[in-house]
Amino acid sequence: MSLEVRTITESEFPEWLRAVATGFLYAPVVSDEEVADRGPYTDFSRTRGAFDGGRCVATFRSFAQELTAVGGAALPAAAVTNVTVSPTHRRRGLLSRMMAEDLAASKERGDVVSTLNAAEYPIYGRYGFGPAAWITDWEIDVLRTGLDPHRPLPGDGGRIDLVDADEVRKAGPELYERFRRRQPGAVSRNERWWQVFTGQSHLMGSGAWTEPFYAVYRSASGEMEGLVSYKVDDHWGDAKQPLNTATVQGLIAVSPAAERALWQYLCSIDWIVKVRTGHRAPDDLLPLLLPDPRAARVVTHADTLWVRILDVLRALEARTYPTSATLVLDVRDASGLSGGRFRLDATPDGASCAPTTRTADLTLELGELSTLYLGDESATRLAALGRVTEETPGAAAVADTLFRTARRPWCPDVF
Ligand SMILES: CC(=O)SCCNC(=O)CCNC(=O)[C@H](O)C(C)(C)COP(=O)(O)OP(=O)(O)OC[C@H]1O[C@@H](n2cnc3c(N)ncnc32)[C@H](O)[C@@H]1OP(=O)(O)O
């Protein structure tokens, strides 16, 4: 029997969610509560499934998102998520079919990029995605930091306050908007994101909810500049010494002072001997905020945000460049959606990009351009790996002066 790939109807949503649970190896049952909870945040015209008879055997969904480009522009993005194919139906091209349909629809809609978090590294490169932002998680050995536990409060006139979930839902979104508009690689959050963050709604497979602690930093003028959510385990040593670990669920700050104050606060709570930071930017201020940076040990370092440029011209014009240069890029895209030869004229005051017949300076696959886009990767490094071809000697170095950024992009969210 042939497999039908199509968008689903609302009445098929419970069966589709069961297929998601199956693909992600969660218990393959879905409660009415979950269906009711997620329905309003699911665009069924962008929710695809593959059906074998009446059974859903593959799932794929995209939703409207904004991605912050270098310089702060909010790019219309199609965020891809809930990608599964049941173990009985893998390696028959179902993912490729659903992806091709969604990418074409997103391009048609006018989205500039597609984004996703890849479960496994080898899956998405073939579709033009490239890893564009990475994360690092640290574990801080609090007793080795060199921070003075007798001075836990910010020394800058600001203050730390514990708040409850209601206040987080009220003030968090505005704080996050300020943060993401200045953070290349950050993505927009919807209302459901805040519901999940504060326990009003639950992600599939996330286990029983326990209420975290929430603390905010307010500057001397009273403005909220930072928010942290953390949970603490209950672990005591045999000799009755406290050995608790605080695990950060999220820490967002719009000033270095807020960042410093919140880490200092976490490292000064009695009984806590370890702080696990959660996903931070690889060049986070954190280790260097500690008198002894070696107290922070890297526990995870991994690609997180994958980007697939849909519209090269608009993507290149939307970001900023620190210097003036012209570069002709021959961008290969096997899908036929986004490739071509483009001339980028960049200046610090703005950039223009247009199709061209001029000889290329660099030839590269779309996925490599997507990897370079947020400034986190070096064209010189990709050229050394044979993944970017220099048609004009020195063109990779020119690309690096244009694309690379002083601070690394960061996407704190998993979606
Ligand atoms: C954004 C997100 O939601 S990430 C979550 C992704 N989902 C998962 O990891 C859940 C478990 N895995 C799965 O459900 C499936 O294996 C999927 C979705 C990853 C792949 O679905 P499939 O329908 O098997 O993929 P499809 O048959 O279209 O494969 C296309 C190509 O990708 C390759 N491929 C697919 N999955 C993988 C993988 N995990 N690792 C390496 N290569 C892969 C296939 O071999 C095939 O290569 P080919 O064209 O050279 O033959």
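Domain bounds, as used in these legends, come from an automatic or database domain assignment.

**View 1. The predicted chain and its two assigned domains.** The model shown here is predicted. Its chain is assigned a domain 1, covering residues 4–135, and a domain 2, covering residues 136–301. Between the C-alpha centres of domain 1 and domain 2 the distance is 30 Å. The chain has an average pLDDT of 97, and 100% of the residues score at least 70. For the complex, the predictor gives an ipTM of 0.98 and a pTM of 0.97.

**View 2. The contact between domain 1 (4–135) and domain 2 (136–301).** Domain 1 contributes 20 residues to this contact, and domain 2 contributes 20 residues. On the side of domain 1 that touches domain 2, at least two residues come from each of α1 (13–23), α2 (32–38), β3 (55–68) and β6 (130–141). Sorted by class, that side of domain 1 holds 13 nonpolar, 4 polar and 3 charged residues.

**View 3. The span annotated as an N-acetyltransferase domain in UniProt.** The record, an unreviewed entry, places the feature "domain: N-acetyltransferase" at residues 3–154. Helix makes up 22% of residues 3–154 and strand 34%. The C-alpha atoms at the two ends of the span are 61 Å apart.

**View 4. The shell of residues around the ligand.** The ligand is surrounded by 23 residues, of which V83, R90, L95, S96 and A119 are the closest. Two elements, β4 (74–85) and α3 (94–109), each provide at least two residues of this shell. The largest share, 6 residues, is supplied by β4. By class, the shell around the ligand consists of 11 nonpolar, 7 polar and 5 charged residues.

**View 5. Helix α9 and the glycine that follows.** Helix α9 spans residues 366–373 and is mostly covered, with 8 of its 8 residues buried. The buried residues of α9 are L366, G367, E368, L369, S370, T371, L372 and Y373. After α9 comes G375, which has a positive phi, near 95 degrees.

Terms used. Residues are numbered from 1 along each chain as its sequence is written. This is a predicted model: local features need pLDDT of at least 70, side-chain atom pairs count only at pLDDT 80 or more; totals for chains, interfaces and linings use all residues. UniProt positions are given in the numbering used here, feature names are shortened, and annotations may be inferred rather than shown by experiment. Helices (H or I, at least four residues) and strands (E, at least two) are DSSP runs, numbered from the N terminus. A residue is near a molecule or strand if its C-beta atom, placed from the backbone, lies within 6 Å of it. Ala, Val, Leu, Ile, Met, Phe, Trp, Tyr, Cys and Pro count as nonpolar, Asp, Glu, Lys and Arg as charged, and the others, Gly among them, as polar. Two residues are in contact if their C-beta atoms, placed from the backbone, lie within 7 Å. A residue is buried if 20 or more other C-beta atoms lie within 10 Å of its own, exposed if 12 or fewer, and partly exposed in between; C-beta atoms are placed from the backbone. pLDDT is the predictor's confidence in each residue, from 0 to 100.
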